[in-house]
Amino acid sequence: MPSPAIAPLADTSSLAEAKASAARKARFWDRIAVKYAVAPIADMAGYEATLRRVQGLLSTDQDVLEIGCGTGTTALRPAPFTRRLVATDVSRRMIAIARRKLAAEPVPQLSFAVADADTPVAAPGEYHAVLAFNLLHLVTDLDRALALAAQSLRPGGLLISKTPCIAEMNPLIRYLALPVMRAIGKAPHVLCFDADELQSAIARQGLDIVSVERHGTRGRDFRVHRGPQAGLNLHHL
Ligand SMILES: C[S@@+](CC[C@H](N)C(=O)[O-])C[C@H]1O[C@@H](n2cnc3c(N)ncnc32)[C@H](O)[C@@H]1O
């Protein structure tokens, strides 16, 4: 199935709108960036399993894009095993912290840039792989963000995503905790979908899902509770 065409941001007013929208989205993440940078990874074993899996899919002849990279902790790990990894995030503060980490631990293949995953981040067909970890539930328009990610892939490229499916969590999170936290500025805008809805959205962009995996290791991990449905989706275009 071909990817639907993506409306380009051609005129000045739509560019200005896109900038204002990115600034609004960045506000929450800018505010929490310092705290986020020092927060411990909740499930280190699951995180390491994901990194190993991702690293095995990348190679030194590949150009890779990460969207929603946060403070760059994850990008630093696979970057040496790629030809080029461009890691992007809508939050300037997240990117500033990521750049400081990179300065302290230089990896020539890696660079960071501020970019909104709801707007075109890359040229069509520029990348062999697009990484999206803990991001797809945060974009404004899932179909558009997926279309943009798909569009930036070369033929045969991989979209590798790991996504909390909030519709599969305890309903109190969706209907009580998140609205309350959002009202007091402690949670961002989130999309609530389940794994089936996410996979349908991915398939709508003409991506074949080649692997669906769960990498959480904690017994109480309720992010996914239906058999092998997934934390990590590996998509082949
Ligand atoms: C939960 S954090 C995940 C960070 C990192 N990928 C990780 O797994 O640790 C979500 C990140 O996505 C970024 N983000 C949210 N909406 C975004 C958007 N529309 N475009 C790009 N980045 C976005 C936030 O600034 C934040 O750094």
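Hi everyone, let's start with a kink: helix α1 bends by about 55° at I32. Keep in mind that this is a predicted model, so please take everything I show in that light.

Staying with α1, the helix covers residues 12-38. How far apart are its end C-alpha atoms? They are 38 Å apart, and that agrees with the 39 Å you should get from 27 residues, because each residue adds 1.5 Å. As for what α1 hides, K25, A26 and A33 are buried. And what do the buried residues of α1 pack against? Their partner is α4, residues 92-104.

Now let's move over to the strands, beginning with β1, residues 63-67. Buried or exposed, how do its residues come out? Strand β1 is mostly covered, with 4 of its 5 residues buried.

β1 has neighbours to talk about, too. It pairs with β2, residues 84-89, in the parallel sense, over 5 bridges. If you'd like one to find on screen, look at D63, whose bridge partner in β2 is R84. β1 also runs parallel to β4, residues 127-133, and 4 bridges join these two strands. Here the pair to look for is L65, which stands opposite V130 in β4.

Last stop, the ligand. There are 19 residues around it, and which come nearest? Those are W29, G68, G70, S91 and A117. W29 takes us back to where we began, since α1 spans residues 12-38. As for the character of the shell around the ligand, its residues divide into 10 nonpolar, 5 polar and 4 charged.

That's my tour, thanks for listening!

Technical notes
Residues numbered from 1 in each chain as written. Predicted model: local features only at pLDDT ≥ 70, side-chain atom pairs only at ≥ 80, totals over all residues. Near = placed C-beta within 6 Å. Nonpolar A, V, L, I, M, F, W, Y, C, P; charged D, E, K, R; others polar. Buried ≥ 20, exposed ≤ 12 C-beta atoms within 10 Å, placed from the backbone. Pairing = 2+ DSSP bridges. Expected span 1.5 Å × (residues − 1). Bend = angle between axes of the 7 residues up to and from the residue. Contact = placed C-beta atoms within 7 Å.
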